[in-house]
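User: I would be grateful for a close look at a single part of this protein, set in the context of the whole chain. Please treat one helix in detail and then relate it to the rest of the structure.

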Amino acid sequence: MDVLFETINVQDLLSSSESPSSPLSAPDLRLLISRLDAHSLRIKSTVQSYLLSHHADFSSLFSQCSDVVSKSDHLSGDIVSLLNLISDQPIEADVERIIREIVDKRREAREKKEILDFVGVVLELDRKFGVVRDHMKNGRVVEAAEGLRELKEAVGLKGNSDSEAAVEGDPVVYGILKKQWTDCFEEIQDFLLRCMESAVQFEEEGNAVHIKHELSIDGIDGLELYTVLQALNVADILDYGLAKVADLITKYVLNPIISCRATPSFIEEMNHEAGHVSEGVLKMVPSVDPKGSKVDGELMYSYIVQIIEFVNKFLCFHNGSWMCCFGRLTWSRMSDMIISNFLSKVVPDDASKLAEFQEIRKLTIDFETTLKELMFISPSDGKDEKLSKFADNVEVHFASRKKIQILAKARSLLLQCNFSLPQDYITKNSGINKEEHAENIPNHVVLLFSSEKCVVSEAARQLMELVHQTLTDVCLLPPKVGLEFYHTARNALVLYEAIIPVKRQLDSINQAAVLIHNDCLYLSQEILGLAFEYRPYFPSSVKELAVFVDLAPRFQLMAEEVLQRQVQLVIYNLNQAIDGAYGFQNTHQMKQFESAKFCIDQVAFIIEKVHIIWEPLLLPSVYEQSMTMILEVVFSRIAKEILLLDDMAAEETMQLQRLIQLLFEHLSSLLEPLLAVDLSGTAQEAIEEREYFILSIRKLRKLAELLDMPLKLITAAWESGELADCNFTPSEVEDFIRAIFTDSPLRKECLFRIDNSNIR
């Protein structure tokens with residue numbers, strides 16, 4: 001049969017060997033056709049011979065196919081018959097009902113079995129609850145606690161409360177079981193707590209603690225305290241059972257010991273029949289001084305250790321976990337009391353005594369080590385080492401205490417200072433007596449970077465002394481403490497800036513404002529000197545951080561602001577007084593003259609008042625600069641008001657001249673020292689202000705002369721430059737002439753000469 005599956009190669013059927021791509025000739029085509037026919041006949045012959053040789057196989061195959069078709073026809077007929085039978089008699093409904101009944105019966109049987117099992121469990125749990133109660137009635141509290149612990153898991157509770165007693169979706173009986181467990185737990189808890197109260201009793205009148213090892217309660221005799229504690233531990237309420245005991249021991253035993261109001265005394269009472277200790281008694285013997293004296297650390301620690309050993313022996317029965325539980329309930333309050341009543345009070349007040357604190361530190365560490373050995377505090381938990389950590393950080397506590405003390409003292413100084421001086425100081429320390437009595441004034445200071453002296457407040461002087469003392473300590477202290485003292489010194493200085501402007505009202509002309517100005521100048525220069533005086537001696541780490549120069553400009557600026565506010569207040573008051581003269585108009589009328597004279601008197605009074613307040617207190621240069629500024633404003637304003645008058649009668653000019661002379665008479669004693677000041681070494685700005693001041697005086701005095709001067713002399717004075725030297729302008733002179741002299745050829749000539757002169 002291989003001939004059927006062989007591939008026919010047309011090229012092999014051709015006789016020529018030409019390329020396959022070349023066209024075939026007619027002979028080649030005929031040859032190809034004949035050879036294909038021969039090949040086809042050979043294939044047919046091969047197929048025929050194959051069929052003949054396998055005739056039996058093919059006959060068997062066709063027979064099997066015929067049988068299969070026949071059987072399929074029979075099966076199809078059977079199915080059709082079955083379907084006809086089912087459609088005629090509907091049996092499937094009966095089958096479905098029977099199956100449903102079987103399923104229901106099985107489910108009912110399973111549910112009944114589950115209910116029976118559940119009832120059995122409930123009955124068993126109820127029996128166990130009864131057993132627990134029986135154990136309690138018979139004094140077998142440990143067994144009762146163990147049974148209750150097992151029942152807790154059985155009823156599915158996680159905590160010791162009834163918060164889970166009514167969970168939505170649970171059977172009612174399940175809630176009843178949880179409620180029953182909670183009731184049972186509360187019963188045993190209440191019973192054990194009453195046992196603890198009976199075992200540990202506090203006798204307030206006798207100041208004694210009684211710990212009984214055998215109890216009689218609710219008709220149960222011989223119940224041991226050790227058994228009660230075991231039951232508390234099994235029930236997981238040991239903390240709760242010891243809480244009240246720990247609280248009372250802390251209050252009535254440890255507190256008096258730590259505050260040095262009592263000493264402990266221990267007594268053991270033996271049960272001779274049983275041959276063991278039946279009761280331990282701790283008596284507190286009041287100290288001689290009921291208010292307590294200075295605490296002796298070594299003795300206090302010794303007493304506390306004895307008390308803890310007493311508790312360990314008679315209450316905790318040398319059980320480490322019980323002792324640890326008692327310690328957790330007691331240690332936090334006890335350590336806080338030791339720190340507040342002893343350790344914090346023995347922190348040195350003086351840096352030189354820090355070394356002496358090391359003995360107390362050693363006692364404290366040994367005390368905590370003993371408590372760790374007794375399992376009162378955890379040997380591995382560093383949080384329990386509160387006392388030793390406090391003792392190790394004594395330098396920090398020392399710095400903190402000193403910081404509070406220094407800042408409190410600084411704040412007290414600033415709040416209590418009233419910024420006033422005795423009245424006799426004003427007279428003693430003014431004018432020619434100023435230098436003579438300066439040395440007798442305690443607050444008369446010399447500025448570091450100036451040769452001048454001024455008076456400062458008692459608060460500023462004491463504050464600076466406090467800062468100097470603090471910075472002196474920085475040079476002697478360890479770096480960590482020294483840095484804290486450095487910050488404290490800065491904060492003390494900043495307190496002045498924060499408190500004084502708020503405490504003092506600076507909106508009026510008063511002595512306090514002048515003292516505050518002097519304080520700020522004094523503090524700014526003292527602050528600049530601190531770095532030169534102390535920084536070289538600071539510890540290296542403090543030296544890198546210590547900065548004072550940033551504070552000095554703040555105080556310098558504050559001094560200038562206070563002074564400028566005072567100057568502006570004075571100028572405002574003077575302008576208000578001058579406004580009362582109504583421009584000095586019509587002074588030839590008596591009423592207007594009296595009004596103008598009153599204004600001049602008021603101006604002189606204000607200036608004299610300012611002189612009395614400022615001159616004894618301010619630095620001479622500051623006083624002279626401020627006073628010349630004020631006087632220059634007054635003189636310039638009065639001269640301006642008079643020169644603005646557009647018409648003056650002859651009598652009016654005389655009255656104006658009289659008013660100007662009156663002003664100079666009032667201020668003569670004040671002007672003489674100001675005009676005699678030596679300006680060598682004075683700042684250029686101050687020199688310019690003084691020149692304006694002198695010009696204003698000369699202008700006003702010359703104006704008084706001009707008021708009764710003939711027109712020709714006025715013109716000659718302008719042409720000679722005399723009026724220009726007194727700061728008169730051409731327009732002012734011309735307006736002045738027009739106001740005094742009537743229109744005439746002479747006035748026109750004089751005005752022309754003034755207008756065409758080269759003097760401007």
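Analyst: The account below begins with one helix and then moves outward to the core, the salt bridges and the surface.

The model is predicted. The helix chosen is α22, one of the 29 helices that the protein chain has alongside eight strands. Helix α22 covers residues 590-614, and its 25 residues should span 36 Å at 1.5 Å a residue; the end C-alpha atoms are 36 Å apart, in agreement with that expectation.

Which residues of α22 are buried? They are F593, A596, C599, I600, V603, A604, I606, I607, V610, I613 and W614. An α-helix has 3.6 residues a turn, so residues three or four places apart point the same way. The list for α22 can be read with that in mind: F593, A596, C599 and I600 are among the buried positions, as are V603, I606, I607 and V610. The buried residues of the helix pack against four other helices, namely α19 (511-534), α21 (552-579), α23 (620-643) and α24 (650-675).

W614 of α22 also has a place in the wider interior. The largest nonpolar core holds 214 residues, and W614 is among the members that touch the most others, together with L315, I338, Y496 and F635. For I338, the contacts beyond its neighbours within four places in sequence are I258, M300, Y301, I304, L343, F367 and L387. Over the protein chain, 41% of the 760 residues count as buried. Of the contacts between residues at least 6 apart in sequence, 71% join residues at least 24 apart.

Salt bridges also connect separate helices. A search of the whole structure gives 24 of them. One joins the side chains of E197 and K244, with 3.5 Å from N to O. This pair links distant parts of the chain, since E197 lies in helix α7 (residues 172-199) and K244 in helix α9 (residues 238-258), 47 residues apart. Both partners are partly exposed, E197 at 44% relative accessible area and K244 at 49%.

A second salt bridge, at 2.3 Å from N to O, is formed by K702 and E722. Here helix α25 (residues 684-706) supplies K702 and helix α27 (residues 722-725) supplies E722, the two being 20 residues apart. K702 counts as buried because its relative accessible area is 8%, under the 20% limit. E722, in contrast, is partly exposed at 35%.

A third salt bridge brings R753 and E719 together at 2.8 Å, N to O. R753 belongs to helix α29 (residues 745-755) and E719 to helix α26 (residues 711-719), with their positions 34 residues apart in the numbering. R753 has a relative accessible area of 30% and is partly exposed; E719, at 34%, is partly exposed as well. Elsewhere, E458, R461 and E465 are joined into one network by salt bridges that share partners.

The surface completes the picture. The accessible surface of the protein chain comes to about 41500 Å², and carbon and sulfur atoms account for 54% of that area. V47, Y50, L51, F58, L61 and F62 make a nonpolar surface patch of about 520 Å². Helices α3 (26-53) and α4 (55-88) each contribute at least two residues to the patch. Y50 is located in α3 and is partly exposed, with a relative accessible area of 32%.

Note on methods:
Residues are numbered from 1 along each chain as its sequence is written. This is a predicted model: local features need pLDDT of at least 70, side-chain atom pairs count only at pLDDT 80 or more; totals for chains, interfaces and linings use all residues. Side-chain values use heavy atoms; hydrogens and water are left out. A salt bridge is a side-chain nitrogen of Lys or Arg within 4 Å of a carboxyl oxygen of Asp or Glu. Buried means under 20% relative accessible area, exposed over 50%, partly exposed in between (1.4 Å probe, protein chains only). Contact means heavy atoms within 4.5 Å. Accessible areas come from the Shrake-Rupley method with a 1.4 Å probe; for residues, only the protein chains shown count as cover. The expected span of a helix is 1.5 Å times one less than its number of residues. A nonpolar core is a set of buried Ala, Val, Leu, Ile, Met, Phe, Trp, Tyr and Cys residues joined through side-chain atoms within 4.5 Å. Patches are made of residues with over 30% relative accessible area and no salt bridge: like charges are joined within 9 Å, nonpolar side chains (Val, Leu, Ile, Met, Phe, Trp, Tyr) within 5 Å.
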